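Got the viewer open? Here's a short walk through two spots, with something to select at each stop.

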Amino acid sequence: MNRFIILFTFTLLSFSSYSQSFFKKLKEAVEEQVEDVDAESLVKKDDRMADFREQQLVKDTSNYNYIFSQGNRASFFANREGKESLLLTIAKNYEDDDIEAVELETYEQAFDANRNGEMSIYINPYLANVNFIEALSLLTNGLSASEALLDSSFVIADLVNMDTLNLPEKYALGKTIANISIVIHAEGKYNLSEAFINETTKYFQEEIGKGSIALASLYNNHAVIAQSQGRYTEAENYFNQSEEIIKKNDRTGTLSHAIITSNRALLYNEIGQYDEAKSAIQKAIDLAAGEIRERGRDNVSFQINQGLIHYSAGEFETAERIFRDIIDLKEKRFAKNQTDVGNVKNYLAATLMESGKTVEVEQLLKDALEIFEKKYNRDHPAYIKTTHNLARYQLFVGNLTEAERLLQEVNSKYLSFFGDKHPDYLSSLEDMAVVSWNQKNISEAANRFEKVINANLQLVEDYFGAMSEYEKGQYWAKVRPSILKFYAFAVANAQTNPALLTEMYNIHLKTKGILLSASTKVREQILNSSDEQLKETYQKWVEAKENLIHYYSFSKAQLDEQKIDLASLEAEANQLEKKLNQLSASFAQSNKLPATTLANVKAKLGSADVAVEIIGYPVFERSFTDKKNYAFLIASLDNVHPELVVLDNGEELDTKYAKAYLNMVRVKAQDRITYDKFWKPVDEKLAGKKNVHLSLDGVYFQVNIGALQRSDGTYVSDEFDLHLYTSTRDLVKSRKGGFASKKANFIGYPNFGSKGLLAPLPGTKAEIEAASQITRTKGFATDVYMQNQATEEQFKKISSPSLLHVATHGFFLPESQASGDKVFGVEVNQAKDNPLLRSGLMLANAEQTMGSATQGTEVNTSNNGILTAYEVITLDLKNTDLVVLSACETGLGEIKSGEGVYGLQRSFQVAGAESVIMSLWKVSDEATKQLMTNFYKEWMEGKPKEEAFFAAQKSLRSNFPEPYYWGAFVMLN
């Protein structure tokens with residue numbers, strides 16, 4: 001399914017229902033009891049005020065900002081000696097004829113909050129009543145009245161001499177400022193509220209102290225804001241700061257702690273760490289159990305978050321049960337028109353859509369819209385986003401006219417509020433493209449897709465350089481589905497509009513392998529350089545880019561309100577980038593997406609050549625399905641646009657046939673099946689060609705196409721020379737002739753240790769001795785490191801040899817097998833999240849790290865005996881012609897569609913190696929020795945390395961005819 005837009009229910013952002021007549025009655029009741037006073041009297045020190053201070057100072061001041069961490073759990077009550085709270089007084093009479101009934105839950109919530117007496121400290125009764133009305137209007141969603149009162153209280157704060165106030169009075173003023181942020185949040189001005197969070201934080205740090213418990217809730221809310229804008233690392237830092245203050249103030253295990261934990265669970269959920277999210281939300285529920293009622297409002301908020309996490313994790317039955325229980329509870333409490341009910345109905349609609357249960361979806365969304373229109377207005381983000389979801393539902397069920405109408409309305413509002421760079425605007429435009437596609441208006445659909453993709457790729461190019469690798473991954477995960485939809489669209493309409501295939505090819509050239517790029521290495525080079533001007537400029541540029549990313553999510557009104565000049569900020573960032581380009585040629589190159597096009601690739605082809613991009617993508621039928629296709633785009637001089645072959649059984653190729661292929665290779669069985677499944681339809685398009693320049697994707701990284709056997713007994717490599725590339729754009733790169741230098745390094749046959757955990761590799765010793773002798777005889781300066789010299793520390797000292805040959809044990813550990821405290825010396829949670837930490841090479845003393853789950857060292861340790869692919873990226877291989885990975889399964893890793901293999905071979909390329917020889921399965925020592933010896937002889941005699949490799953493979957086949965032996969190794973680039 002195409003996921004609905006979800007508004008995560010942070011406790012901060014959830015508000016109860018509101019009765020206008022009730023609020024009016026309450027305001028009148030307050031005014032009856034308070035005479036008009038001037039500003040001076042608000043800080044007058046009379047005996048009654050002194051008594052009030054004395055009474056309140058003995059109370060626990062650690063809880064004063066407790067309410068802000070709860071968001072809508074407001075409890076600013078007047079200190080009225082001997083009288084019940086004003087709210088309770090009116091609540092008892094809420095059924096009077098002249099007062100419209102307010103939902104029971106509102107009273108229960110307020111009554112519970114009122115019992116916390118420590119929260120009722122204010123400057124004097126009048127200001128207490130002002131704050132009380134503010135809080136109640138928040139509680140009952142009287143937002144406009146609340147904002148006016150807050151503004152007036154802000155004026156009062158300006159008139160107060162801070163030197164005359166004691167600690168509780170300062171808390172009262174700080175909470176007034178903090179409440180403004182909550183109000184602005186409730187109105188959907190998420191970014192503007194951050195300014196007030198910053199103001200309040202500064203106030204509390206300066207006037208109360210940097211260890212104030214109030215800061216815990218402020219940091220919590222700041223984390224929520226940062227997370228909503230995709231600043232995940234920043235959000236986690238704020239959560240950490242908040243929790244640290246909770247611990248220092250001995251508030252561990254309290255409701256405040258539970259709320260922080262609940263919001264942290266949503267952070268884990270948003271970045272795809274579902275197990276951690278489920279654990280955190282359960283911890284939050286457990287922490288709160290002692291302080292709140294099982295079916296109280298706060299606990300319900302936790303349950304909503306729990307439902308959202310199960311939804312994101314694909315556990316739709318569990319999510320549906322939770323959401324239905326919450327709606328049922330709310331209706332029993334006469335609270336069916338609250339805004340959080342609107343949110344839950346929206347969530348339930350999304351869950352049912354994912355489950356294929358569409359009967360209730362439309363009504364649920366319409367119910368939510370009715371609530372949002374009544375409580376907010378039709379221009380509120382909750383209303384607009386729910387309308388967007390309703391449009392997506394109409395699209396899914398085929399009501400294209402209604403979907404188009406709703407999307408036009410949503411798109412227009414997004415454009416008006418945010419501009420044409422905002423992700424919500426682009427998302428709605430993308431949905432409009434899908435509608436046009438289904439309406440058979442192919443040209444309009446193509447035009448809309450083009451706008452969306454161009455805008456997204458421009459943002460990627462503008463901001464990737466300032467992002468961490470983790471942030472890049474999260475951002476790209478949001479952008480890539482748009483491209484996959486276009487791929488499905490292009491393939492579906494290629495017959496009538498073949499130009500779409502050229503556009504598809506060009507987009508793939510621009511985006512293939514976009515995440516794991518040289519930008520990581522460039523960033524490290526800059527930050528580790530001795531050029532202080534370069535480092536300072538780089539840091540300023542990163543900050544400028546982060547600011548722009550932040551402000552691009554603002555509406556036009558918010559930009560005007562905060563007097564933010566985007567054009568000026570953009571100009572500043574551009575000037576910094578120009579300066580960086582002047583200071584670092586590497587920086588200038590690394591932050592640009594490849595400009596290579598199909599025309600450039602074809603310019604490198606001869607009449608006997610074809611360039612083939614393999615692209616795996618999910619089938620899209622108004623929404624994404626579980627089905628997968630592989631598209632082969634075949635470029636040649638014979639055709640203007642690429643030819644197309646589609647294999648529509650991609651999910652079977654990835655599973656059943658991939659396993660069958662590897663099993664038959666390993667047992668050396670005659671394979672007459674997998675050629676038909678993996679390659680035959682493509683083979684039929686290649687008649688008369690000789691050189692196939694091939695960029696792989698998905699399961700094809702696990703298959704040696706050249707070793708597939710046809711029904712007549714011949715192999716694909718008998719007819720074609722298969723040249724493998726990360727992307728066919730690499731065809732356009734200039735290639736050096738000969739060797740970059742006559743420098744060769746051989747490292748292998750390590751002394752793993754004496755524990756017997758790793759089998760020794762005597763074959764690698766013979767292989768290194770034979771191969772290194774050949775390079776020496778050809779005049780290469782050849783360094784050999786074996787046994788105790790084959791250390792990780794030594795490996796990292798290697799600097800730009802023309803040839804690097806590695807012969808040892810390699811490993812790749814799937815995520816499902818990462819368990820215990822550590823994985824090869826790496827913390828298990830880190831290893832699970834990063835496939836480059838689960839792939840690597842075993843070197844001298846590796847057994848010491850493997851020997852204990854708690855022993856070993858961290859990723860950046862220089863000599864723990866295990867060189868991970870993560871560490872390989874930092875090597876200096878900028879002038880290395882070839883890396884030979886003569887180890888088992890060094891071509892394996894985590895396959896990411898459109899990205900390639902996250903493993904050793906990719907890391908060596910990022911480190912600078914031009915070409916890599918790697919293995920796809922466990923290999924024979926003797927066959928490997930013969931292959932490598934033959935290869936070096938051919939290469940050192942002057943043949944191009946790829947031609948030498950082909951010749952060595954054919955020579956090996958005469959002694960070892962089965963593909964198990966000669967097909968294990970492939971050369972990339």
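We'll visit a helix, then a group of strands. Keep in mind that this is a predicted model.

**Stop 1: helix 23**

Select residues 499-511, which make up helix 23. Put a distance label between its end C-alpha atoms and you should get 19 Å. At 1.5 Å a residue, the 13 residues should span 18 Å, so the two values agree.

Now show the surroundings. Helix 23 is largely enclosed by the rest of the structure, because 10 of its 13 residues are buried. Try colouring some of those buried residues: among them are Leu-500, Leu-501, Met-504, Tyr-505, Ile-507 and Leu-509. The buried set also includes Thr-502, Asn-506, His-508 and Thr-511.

Before moving on, click Gly-513, which follows helix 23. The phi of Gly-513 is positive, near 70°.

**Stop 2: strand 6 and its partners**

Jump to residues 743-750, strand 6. How many of its 8 residues are buried? The count is 7, so strand 6 is mostly covered.

Next, add strand 7, residues 781-787. Strands 6 and 7 pair in the parallel sense, over 7 bridges. To see where they line up, pick Pro-750 and look opposite, where you'll find Gln-787 of strand 7.

Then bring in helix 34, residues 762-777. Together with strand 6 and strand 7, helix 34 makes a right-handed β-α-β unit.

Last selection: strand 8, residues 803-807. Strand 8 also pairs with strand 6 in the parallel sense, here over 5 bridges. Click Ile-747 and find its bridge partner in strand 8, Val-806.

Terms used. Residues are numbered from 1 along each chain as its sequence is written. This is a predicted model: local features need pLDDT of at least 70, side-chain atom pairs count only at pLDDT 80 or more; totals for chains, interfaces and linings use all residues. Side-chain values use heavy atoms; hydrogens and water are left out. Helices (H or I, at least four residues) and strands (E, at least two) are DSSP runs, numbered from the N terminus. The expected span of a helix is 1.5 Å times one less than its number of residues. Buried means under 20% relative accessible area, exposed over 50%, partly exposed in between (1.4 Å probe, protein chains only). Two strands pair if DSSP finds at least two bridges between them. A crossover is right-handed if, with the strands pointing away from the viewer, the path from the first strand over the helix to the second runs clockwise.
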